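Work through the exercises below with the model open. Each task is followed by a stepwise solution.

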2 protein chains.
Amino acid sequence: MTTLSSTDPRTGVDTATPLTPATAEQVQTVAARAADAFGDLRGRSRPWRAGLLRAMADGLENDREALVTTAMSETGLPQARLDGELSRSTFQLRLFADVVIEGGYLEAIIDHAADTPLGPGPDVRRMLVPIGPVAVFGASNFPFAFSVAGGDTASALAAGNPVVAKAHPSHLLTSQRSYESLAAAAAAYGAPEGTIGLVHGQQAGADLVRDPQIAAVGFTGALATGKILQSLIDERSTPIPFYGELSSLNPLVVTTGALAERGEQIADGLYTSFTGSAGQLCTKPGVAFVPEGETGDALVAALVSRGEAATPQTLLNARIHDSFDEIRTRLINDGNARSLLAPHAGEEGFSRTPAVLEIDADAVTPDVAEEAFGPLIVLVRYRDLDQVRTALAAVPDSLTATIHAGGGEDDERVALTAVVRDAVGRIVYDGYPTGVRVSWGMHHGGPWPATNTQHTSVGATAIRRFLRPLAWQGAPQEVLPEELRDGPVDIPRRVDGELQLAEG
Amino acid sequence: MTTLSSTDPRTGVDTATPLTPATAEQVQTVAARAADAFGDLRGRSRPWRAGLLRAMADGLENDREALVTTAMSETGLPQARLDGELSRSTFQLRLFADVVIEGGYLEAIIDHAADTPLGPGPDVRRMLVPIGPVAVFGASNFPFAFSVAGGDTASALAAGNPVVAKAHPSHLLTSQRSYESLAAAAAAYGAPEGTIGLVHGQQAGADLVRDPQIAAVGFTGALATGKILQSLIDERSTPIPFYGELSSLNPLVVTTGALAERGEQIADGLYTSFTGSAGQLCTKPGVAFVPEGETGDALVAALVSRGEAATPQTLLNARIHDSFDEIRTRLINDGNARSLLAPHAGEEGFSRTPAVLEIDADAVTPDVAEEAFGPLIVLVRYRDLDQVRTALAAVPDSLTATIHAGGGEDDERVALTAVVRDAVGRIVYDGYPTGVRVSWGMHHGGPWPATNTQHTSVGATAIRRFLRPLAWQGAPQEVLPEELRDGPVDIPRRVDGELQLAEG
């Protein structure tokens, strides 16, 4: 069996690992173990499951040093960034423990038997139940928070499902170590063996999605890969939900008023936002609408001068490195963008300095609407709101849109909101879309191809993806889940139409 | 232009109608009108929208006589059934008015700006917003409650979306009249023209699903048609959610204990359930697991004798009529089922008496697992729970499963619940799956091919299908929807993680 190798993007050097791609049989075994674990996990109480999530967070915390060091050598991301990201992973696990304890996510409803205008109505009780084993495909750019130990895993486990993760080829050892941390913590806590599983290898990923034991797929990554996974699902005799978070341009609009008020500040913020993590964030503002005229010119110049002073940053892998250059070249050749700042490379590995392109709003076509992972921004110069509206219609929908307006521009802000709201899942005002807050209300999703249209992959409500409703009609108390039985309960419920807070 | 004809299934006689299939251009116009209406509807308040739903219910009520008479001649369903069904349509519209007023469906969440373990968190506010114009494909078997004036329409409108319905070819005139009632009521109320639209013709239906203005599709009907619609959606440059409710066998299990206690009562209930509406209900118990031995034999005999005494009931259309015979024949020839009661026809039109088939549990294969729309039941004779478990694994998942157990059989009931729970969306105890209650907690969905896995097409939470989350970050009050602004509001919200009831 050929072993897999891991590449250090800082040097471009490949190193052999002891890891091997899972065979079809091994995938089947891992999936079967997950199905067995589901039989156990579904019977556990919410406090037990919250404890499991917290134990897993502690397990990651204990292995922090090894995890971060491994991730540095596989991703080229700086230590501070990776330290913060691991904290985000543990924060997510603990947030979902709180979500599970609070219990509102169950959407419990009780309709007592009653006479209705349509005749006698039986007793109907409904709540959300776990969907079954979930396959999680991590992203290259978040080796912790959107990978094996990431939000999809945390929310799927929180819902009561086992998880089988597919290791990202760009951080194989980080994936393996994360899995080992989580699995050890789960075992020590008393969770069944198949609670968390891991497979390596591209073919293993495909086999996993086809496996009849898998009940849902969470994926963060490239649009093309997402489409392949969706087509594998379509071929299954039983299709299952696919939650993809695929691609996003994240338009940002800045008004003349905003620039007049705080041009330098916006230059700083926007520069940091499109170059942070070497521009490899799904929420990176990939296009910014900048007004024509002096204030706009000043912003453009400020971004370019900051980029000129920059040293090369390491990109995650060879594919991103190559496609960064390819897409940039295509935007210039086919998309009529002008290069204001060309990137240059470091001495070794996959690194680039920031790149700035400029285009007139009237020239925006779907050709300039490709996400370039890496420190690239396309500045769209506009005269008026109509141009912004028309140009935005030519680009695909996004996870986010951002609006910077001035103090006296309430009308402009309302009008711009109306322009962007149908095209995105989150609207940011006078801020930046990167640095997604992990909280109860965060929504990280959007219309296709940002996808997750009806759901989020960040925040408390991400748990909804891995649940399905189940109703019990005329059920004796003993077959009902505790949360739906008569008497006071520790979760909010809707009883005969009326929302009631948790009791006791 | 060829006009469409309407068939009276009681006689089989076709009558010309003045209705014509919509051309591609007409579909485009209707969809564009819906998109225009969306711009208006989304700005209206919840009380306004509740008023619209109630006005539509009143409109249907005013036209009751004409609607029911028309439906009788197109569907062959009896007047009492259709009268009840129209009441269900108006009840649904009014229930959704209550849902809209109550406002919990918005899932409003406010996270105030705060210092978090991951650094400063911005103010994030999230709620569900309407998804856009919805295409609704009605079912043949519910000309009111699952058609133009049905639950998909009511829930899509309640969410704030316009609806374009595709008329079912089996009840063209009923569809047209329903549309006219709803459109007139909407116009009188002051709603924009495109609030509700209608197209006729199969090609028009396909054009509608392909139209870029359409944001979601609701469909109740045959699995094959559902797959065609899904493939049309997959071909769109922007895929959209498809909410299908496709096919369901609805297994029912009866124990020896239940039969010993109330055998005659179960015979009555089960017979009524599988023959009601001529067996043309998506929740019809299509397979019943009956124990071997005397009590089981008695149930079988009681069902057969009731069927022998029956007079033919009209089926909805020629297709259902033909496939009823075809599927029954196939179940006998390929599926090894024994005919205990063969159906016979009436003198004219598309009618049949009930049919009863019997098969041993060990012989159950996917070949006997086809839904036969019409008054047919397959009785599966079993010795023990293991046989039930194995046989159920061979049949597709369903909307419902039903368990009849005796007073002392708590363990059996719990064990049977564990056998069926992963395969269905609703478990009915000591009752029947037909006669779906329209209430806050009803869940009408299930794993594929019952579909709507994550959602319901009946009950208050059906509204969730036509909504999507949107988040506002750092937003000034004036760009926020009223429901997310500071200060007391009349809806429940989650604020900084804590669920709060409506105020004032």
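**Exercise 1: a buried threonine**

Task: decide whether B:Thr195 is buried or exposed, then place it and list its contacts.

Solution. Step 1: B:Thr195 has 1% relative accessibility, so it counts as buried. Buried means under 20% relative accessible area, exposed over 50%, partly exposed in between (1.4 Å probe, protein chains only).

Step 2: B:Thr195 sits in the loop between helix 6 (172-189) and strand 9 (196-199) of chain B. Helices (H or I, at least four residues) and strands (E, at least two) are DSSP runs, numbered from the N terminus.

Step 3: leave out residues up to four places away in sequence; B:Thr195 then touches B:Ala37, B:Leu41, B:Leu52, B:Met56, B:Leu157, B:Pro162 and B:Val163. Contact means heavy atoms within 4.5 Å.

The model is predicted: local features need pLDDT of at least 70, side-chain atom pairs count only at pLDDT 80 or more, and totals for chains, interfaces and linings use all residues. Residues are numbered from 1 along each chain as its sequence is written, chains are lettered from A and ligands numbered from 1 in the order in which they are written, and side-chain values use heavy atoms, with hydrogens and water left out.

**Exercise 2: the parallel sheet of chain A**

Task: give the strand order of the five-stranded open sheet in chain A and find its edges.

Solution. Step 1: the order is 9-8-7-10-11, with parallel pairing. Two strands pair if DSSP finds at least two bridges between them.

Step 2: strand 9 (196-199) and strand 11 (242-245) of chain A each have a single partner strand, so they are the edges, and one side of each lacks a neighbour in the sheet.

Step 3: neighbouring strands are turned by 15 degrees against each other on average, direction ignored. Axes are lines fitted to C-alpha atoms, and angles run from 0 to 180 degrees between N-to-C directions.

Step 4: zoom in on one pair. Four bridges link strand 10 (residues 216-220) and strand 11 of chain A in the parallel sense. A:Val217 stands opposite A:Phe242 in strand 11 of chain A.

**Exercise 3: two domains**

Task: divide chain A into domains and describe their contact.

Solution. Step 1: domain 1 covers 24-246 + 454-466, and domain 2 covers 251-429. These bounds come from an automatic or database domain assignment.

Step 2: the C-alpha centres of domain 1 and domain 2 of chain A are 33 Å apart. Domain 1 of chain A brings 11 residues to the contact, and domain 2 of chain A brings 12 residues.

Step 3: about 850 Å² is buried between domain 1 and domain 2 of chain A, with 53% from carbon and sulfur atoms. Buried area is the accessible area (1.4 Å probe) that two parts lose on being put together, summed over both. A:Ser140, A:Asn141 and A:Glu245 supply 41% of the area that domain 1 buries against domain 2 in chain A, more than any other three residues.

**Exercise 4: the chain pair**

Task: work out how chain A and chain B are related and how they meet.

Solution. Step 1: a turn of 180 degrees and a shift of 0.0 Å along the axis lay chain A on chain B with an RMSD of 0.0 Å. The two copies are thus related as by a two-fold rotation axis. Superposition is by least squares on the C-alpha atoms of residues with pLDDT of at least 70 in both.

Step 2: A:Leu501 comes closest to the axis of the residues of chain A, at 3.9 Å (C-alpha).

Step 3: the contact takes 73 residues from chain A and 73 residues from chain B. About 6000 Å² is buried between chain A and chain B.
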